[in-house]
Amino acid sequence: MLFETHTHLNAKEFDEDRDEVIARARENGVSTIVNIGFNAETIPTCIELAEKYDFIYAVVGWHPQDAKDMTDEHLEWIEELSRHPKVVGLGEMGLDYYWDTSPKDVQAEVFRKQIRLARKVGMPIIIHNRDAHHDVISILKEEKAAEVGGIMHCFSGSWETAKLALDMNFYISFGGPLTFKNAKQPKEVAAKVPLDRLLIETDSPYLTPHPFRGKRNESGYVRYVCEEMANIRGLSYEEMAQITSDNARRLFRFK
C-alpha cells in the first residue's frame with residue numbers, strides 16, 4: 001500500500017469531486033495521505049479533511065509565498081494546532097524565489113520562526129524550496145533543524161544539496177516530475193538517496209506525472225511516481241511501495 005506524503009486535496013480544484021478523488025486514491029492502493037494546509041484559508045479545510053477521513057492526516061504551516069501575511073497570532077494558532085491528534089508535522093515552509101509574492105527577508109524570518117516552533121513542539125517540518133537551495137540549507141543549519149528533521153518536498157536540487165539535507169536528518173521526497181522523460185537530475189539524485197530516506201508524493205493538484213502531464217493531478221497518481229522510483233532503483237513496485245511507506249511512517253512517528 002502507498003503512502004502519499006504531500007497533497008492539497010482541500011484545494012478548490014477538487015471542490016466538484018473531492019470524495020471521488022479520495023476514493024480513486026484508495027482504489028489505486030493509497031493507504032495513507034498527508035494533506036497540507038499552508039495559510040489562513042487552507043489550514044481550516046485541511047483540518048476538516050483530516051477529521052473526516054481516518055486515513056488522512058494534516059500538516060499545517062505557512063507557505064513562503066504567503067509569508068507577508070503571517071502574524072504572531074497565526075504562529076500561535078499553528079502551535080495550538082500542533083497538538084491536534086491528526087496533525088503530524090509543520091509546513092510547508094521554506095523559501096520561494098520564483099514567485100515574487102513576498103520579500104525574501106520576510107520569507108526568511110517566517111521560515112526561521114516556524115523552524116523554532118517545530119523544535120519547541122518536537123515535530124518534523126516539510127520544506128518548500130524553489131530556486132533557493134543555498135539559502136534554504138543555510139537557514140536549516142543556522143536554526144538547528146536537524147533536531148526535528150523532516151522532508152525536502154518535491155525535491156528538485158542537486159545531489160550535493162540532497163547530501164546536505166540528508167546530513168540534517170531530512171528525507172528526500174519525489175513527485176510527478178520524476179516521471180518526466182527530461183528529468184535527468186531528479187532521476188540521478190533518486191538513484192543515490194539511501195533507500196531508508198526516500199519518499200513519494202503528488203503535490204496534487206499540481207505537478208502531474210506522465211502520462212497525465214498537463215491535466216489535474218490527484219493522489220492516486222502517486223503510483224506512477226512509485227513505479228518510476230522502482231525502475232530507477234531496480235526494485236519491484238511492491239518493494240518500493242513498502243520501503244517508502246515504512247519511511248513515511250517512521251518520519252511521522254506512526255506506530
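These exercises, each with a worked solution, concern a predicted model.

**Exercise 1. Place S219 in the structure and state whether S219 is buried or exposed.**

Solution.
Step 1: Find the segment. S219 sits in the loop that runs between β8 (198–200) and α8 (222–233).
Step 2: Check the accessibility. The relative accessible area of S219 is 0%.
Step 3: Apply the cut-off. Buried means under 20% relative accessible area, so S219 is buried.

**Exercise 2. Find which side chains make a polar contact with the side chain of S219, then list the residues in contact with S219.**

Solution.
Step 1: Take E4. The side chains of S219 and E4 make a polar contact at 2.8 Å.
Step 2: Take T7. A polar contact of 3.2 Å joins the side chain of S219 to that of T7.
Step 3: Widen the list. Neighbours within four places in sequence are left aside, and S219 is then in contact with E4, T7, L9, A25, V30, I33, T202 and S204. E4 and T7 therefore appear in this list as well as in the polar contacts with S219.

**Exercise 3. Determine how many disulfides the structure holds, and examine C46 and C154.**

Solution.
Step 1: Recall the term. A disulfide is a covalent bond between the sulfur atoms of two cysteines.
Step 2: Count. The structure holds 0 disulfides.
Step 3: Look at C46. C46 is in no disulfide, and the nearest cysteine sulfur, that of C154, is 18 Å away. The cut-off for a disulfide is a pair of cysteine sulfur atoms within 2.5 Å, so a separation of 18 Å does not qualify.
Step 4: Look at C154. C154 is also in no disulfide, the nearest cysteine sulfur being that of C226, 15 Å away.
Step 5: Add the accessibility. C46 counts as buried at 0% relative accessibility, and C154 counts as buried at 15%.

**Exercise 4. Describe the largest pocket by volume, lining and residue classes.**

Solution.
Step 1: Volume. The largest pocket holds about 820 Å³ of space.
Step 2: Lining. It is lined by 34 residues, and those closest to its centre are H128, R130, C154, D203 and L207.
Step 3: Elements. β4 (87–96) and β5 (125–130) are the elements that give two or more residues to this lining. The largest share, 3 residues, comes from β5.
Step 4: Classes. The lining of the largest pocket has 13 nonpolar, 13 polar and 8 charged residues.

**Exercise 5. State how many cavities of 30 Å³ or more a search of the whole structure finds, and describe the largest cavity.**

Solution.
Step 1: Count. The search finds 1 cavity of 30 Å³ or more.
Step 2: Volume. About 50 Å³ of space lies in the largest cavity.
Step 3: Lining. The residues around the largest cavity are I127, N129, H133, M152, H153, C154, F155, S156 and G157. They divide into 4 nonpolar, 5 polar and no charged.
Step 4: Compare lists. C154 lines the largest cavity and is also among the residues closest to the centre of the largest pocket.

**Exercise 6. Locate G175 and describe its surroundings.**

Solution.
Step 1: Segment. G175 belongs to the loop between β7 (170–174) and α7 (184–190).
Step 2: Accessibility. G175 is buried, because its relative accessible area is 3%.
Step 3: Separation. G175 and H6 are 169 residues apart along the chain, while their C-alpha atoms are separated by 8.9 Å.
Step 4: Contacts. With neighbours within four places in sequence left aside, G175 is in contact with C154, E201 and V225.

Methods: Residues are numbered from 1 along each chain as its sequence is written. This is a predicted model: local features need pLDDT of at least 70, side-chain atom pairs count only at pLDDT 80 or more; totals for chains, interfaces and linings use all residues. Side-chain values use heavy atoms; hydrogens and water are left out. Helices (H or I, at least four residues) and strands (E, at least two) are DSSP runs, numbered from the N terminus. Buried means under 20% relative accessible area, exposed over 50%, partly exposed in between (1.4 Å probe, protein chains only). A polar contact is a pair of N or O atoms within 3.5 Å; within protein, one must be able to donate a hydrogen and the other to accept it, and residues adjacent in sequence count only if both atoms are side-chain atoms. Contact means heavy atoms within 4.5 Å. On a 1 Å grid over the protein atoms alone, a cavity is a set of points where a 1.4 Å probe fits but cannot get out, and a pocket is an open set with protein on both sides within 12 Å along at least five of seven lines; lining residues have an atom within 4 Å of a point. Grid points are joined across faces, edges and corners, and a volume is the space filled by probe spheres set on the points. Ala, Val, Leu, Ile, Met, Phe, Trp, Tyr, Cys and Pro count as nonpolar, Asp, Glu, Lys and Arg as charged, and the others, Gly among them, as polar.
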